[in-house]
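The following exercises concern a single protein chain. Each task is followed by a solution that proceeds in steps.

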Amino acid sequence: MLAIFIGAVVMFIFGSVWFTVLFGRKWVKLMDFNPASDEEARKKGMIKPMIMNFLLNVVVVSVVYHVYPQILALSFFDVIKGMSVIWLGFSFPIYANAVVWERKTWELVLLNSAQSFLSLMFVSYVIYLMM
């Protein structure tokens with residue numbers, strides 16, 4: 001349980017840095033946020049979305065934690081290979097559908113999916129160390 005909590009915290013912190021410090025302005029532009037609605041969102045607060053994001057991170061980390069033994073990884077490299085295949089088969093196509101159905105750009109898809117991939121790698125490493 002501790003590995004899941006720590007992994008979720010790592011994922012949350014990494015996502016926060018990714019979508020603010022590293023690529024915040026780029027992401028806001030690619031998402032085509034409306035400054036007027038952004039002000040409304042700030043007034044309503046970010047606590048609920050952040051809590052929801054953390055809980056969703058717990059779900060992701062829990063799945064990684066339970067899938068990890070099924071990969072039969074003998075090394076961290078094996079974990080990386082297994083998680084990469086899972087990401088490529090499940091996560092990336094979901095992000096890519098944003099181009100098809102939501103008219104988002106490939107640049108946004110790559111930005112979001114790169115964050116997803118790296119988060120998965122960090123979480124995998126945390127679980128690898130704690131198992």
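A residue is called buried under 20% relative accessible area, exposed over 50%, and partly exposed in between (1.4 Å probe, protein chains only). The model is a predicted one: local features need pLDDT of at least 70, side-chain atom pairs count only at pLDDT 80 or more, and totals for chains, interfaces and linings use all residues. Residues are numbered from 1 along each chain as its sequence is written, and side-chain values use heavy atoms, with hydrogens and water left out.

**Exercise 1. Describe the secondary structure of the protein and the confidence of its prediction.**

Step 1. Helices (H or I, at least four residues) and strands (E, at least two) are DSSP runs, numbered from the N terminus. The protein has 6 helices and 0 strands, in the order α-α-α-α-α-α along the sequence.

Step 2. Confidence is expressed as pLDDT, the predictor's value for each residue from 0 to 100. The mean for the protein is 90, and 93% of its residues reach 70 or more. Among the elements, helix α1 (residues 2-22) has the highest mean, 96, and helix α3 (residues 35-44) the lowest, 65.

Step 3. For the overall dimensions, the C-alpha trace spans about 50 × 30 × 20 Å along its principal axes. Of the 131 residues, 30% count as buried.

**Exercise 2. Identify the salt bridges and state where the partners of each lie.**

Step 1. The criterion is a side-chain nitrogen of Lys or Arg within 4 Å of a carboxyl oxygen of Asp or Glu. This rule yields 2 salt bridges.

Step 2. One of them joins Glu107 and Lys26, whose closest N and O atoms are 2.8 Å apart. Because Glu107 belongs to helix α6 (residues 106-130) and Lys26 to helix α2 (residues 24-31), the pair ties together parts that are 81 residues apart in sequence. Both partners are partly exposed: Glu107 has a relative accessibility of 41%, and Lys26 has 36%.

Step 3. Asp78 and Lys81 form a salt bridge with an N to O distance of 3.7 Å. These two residues lie within helix α5 (residues 76-101), 3 residues apart, about one turn of the helix. Lys81 is partly exposed, at 44% relative accessible area.

**Exercise 3. Compare the span of helix α4 with its expected value, and determine what covers its buried residues.**

Step 1. The expected span is 1.5 Å times one less than the number of residues. Helix α4 (residues 47-71) contains 25 residues and reaches 36 Å from its first C-alpha to its last, close to the expected 36 Å.

Step 2. The buried residues in α4 include Asn57, Val61, Ser62, Val64 and Tyr68. Their cover includes α1, α5 and α6.

Step 3. Just after α4, Leu72 adopts a positive phi of about 55°. In the loop between α3 and α4 lies Gly45, which is partly exposed at 28% relative accessibility.

**Exercise 4. Is Gln115 buried or exposed, and which residues does Gln115 touch?**

Step 1. Gln115 is found in helix α6. Its relative accessibility is 10%, so Gln115 counts as buried.

Step 2. A contact requires heavy atoms within 4.5 Å. Leaving aside residues up to four places away in sequence, Gln115 touches Phe14, Gly15, Trp18 and Phe19.

Step 3. For the protein as a whole, 76% of the contacts with a separation of 6 or more are between residues 24 or more positions apart.
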